[in-house]
Amino acid sequence: DRILMEDFNTDNSKIDAALAGLDTRAAALEAAAGGFGNCQIYTTTYTGTGSSDASGACSLTFPKPPLLVVVEGEDCFGVCLGQGRMSAVFMMSTVFCTTTWSADRRTVSWYRNNAGDQMNTAGQLYRVTAVMATTA
């Protein structure tokens, strides 16, 4: 068969229209992607000071009230739960720290009478990961 210029141009027009439709759909999906999921992950770090009493409590402030906070050091691991109506508990293995939350539920502070148990060993880097609701 012979290639007719009119058929060639018609086919190219159809391809161009289809590609333009894909660009529009891709842009709409990119715009909507920010609303996908029901949580936001926040990460930070802090370096231990060696304090181990109420006046040297560790403290973390988050952009939104966290639902779950995980703190990890070289040889320790802590989890802070209890946002909402439950009281918060900070624990390292089987050690419980005295924990308090600010009125706006964005800041948590904790202490224990041992810097290692408090996750505040002098000079040690601690990594923090928090899960926050996207609607908070």
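**Close-up views of a predicted model**

**View 1. A nonpolar surface patch that includes Phe 8.** In this view Phe 8 is partly exposed, its relative accessible area being 44%, and the coordinates shown here and in every other view belong to a predicted model. The residue is found in helix α1, which spans residues 5-33. Together with Ile 3 and Met 5, Phe 8 forms a nonpolar patch on the surface, and the accessible area of these residues together comes to about 380 Å².

**View 2. The edge-to-face pair of Tyr 46 and Trp 110.** The structure holds 3 aromatic pairs. In the pair shown here, the ring centres of Tyr 46 and Trp 110 are 6.2 Å apart and the ring planes stand at 70°, an angle over 60 degrees, so the pair is classed as edge-to-face. Tyr 46 lies in strand β1 (residues 39-47) and Trp 110 in strand β7 (residues 107-111), so that the contact ties together parts that are 64 residues apart in sequence. Both partners are buried: Tyr 46 has a relative accessible area of 13%, and Trp 110 has a value of 0%.

**View 3. The stacked pair of Tyr 46 and Tyr 126.** Tyr 46 also pairs with Tyr 126, and here the arrangement is stacked, with 4.9 Å from centre to centre and 15° between the planes. Because Tyr 46 lies in strand β1 and Tyr 126 in strand β8 (residues 125-133), this pair ties together parts that are 80 residues apart in sequence. Tyr 126 counts as buried, with a relative accessibility of 0%. Taken together, Tyr 46, Trp 110 and Tyr 126 form one aromatic cluster.

**View 4. Strand β8 with its partners β1 and β3.** Strands β1 and β8 pair in the antiparallel sense, and 9 bridges are found between them. Within this pairing, Thr 45 stands opposite Arg 127 of β8. Strand β3 (residues 66-72) also pairs with β8 in the antiparallel sense, in this case over 6 bridges, and Val 70 has Thr 129 in β8 as its bridge partner.

**View 5. The salt bridge between Glu 72 and Arg 127.** The count of salt bridges in the model comes to 3. One of them joins Glu 72 to Arg 127, the residue that stands opposite Thr 45, and the closest N and O atoms of the salt bridge are 3.6 Å apart. Since Glu 72 lies in strand β3 and Arg 127 in strand β8, the salt bridge ties together parts that are 55 residues apart in sequence. Glu 72 counts as partly exposed at 36% relative accessibility, and Arg 127 likewise counts as partly exposed, at 38%.

**View 6. The salt bridges of Arg 106 with Asp 104 and of Asp 117 with Arg 112.** Side chains of opposite charge can pair when their charged atoms come close. The side chains of Arg 106 and Asp 104 meet in a salt bridge with an N to O distance of 3.7 Å. Arg 106 is partly exposed, with a relative accessible area of 30%, and Asp 104 is partly exposed as well, with a value of 42%. In the other salt bridge of this view, the side chains of Asp 117 and Arg 112 meet with 3.8 Å from N to O. Asp 117 has a relative accessible area of 25% and is partly exposed, while Arg 112 counts as partly exposed at 29% relative accessibility.

Notes:
Residues numbered from 1 in each chain as written. Heavy atoms only, no water. Phe/Tyr/Trp six-rings, centres within 6.5 Å; stacked < 30°, edge-to-face > 60°. Helix = DSSP H or I, 4+ residues; strand = E, 2+ residues; numbered from the N terminus. Buried < 20%, exposed > 50% of the residue type's maximum accessible area, 1.4 Å probe, protein only. Patch = residues over 30% accessible without salt bridge, like charges linked within 9 Å, V, L, I, M, F, W, Y side chains within 5 Å. Areas by Shrake-Rupley, 256 points an atom, 1.4 Å probe, with all protein chains shown as cover. Salt bridge = Lys/Arg side-chain N within 4 Å of Asp/Glu carboxyl O. Pairing = 2+ DSSP bridges.
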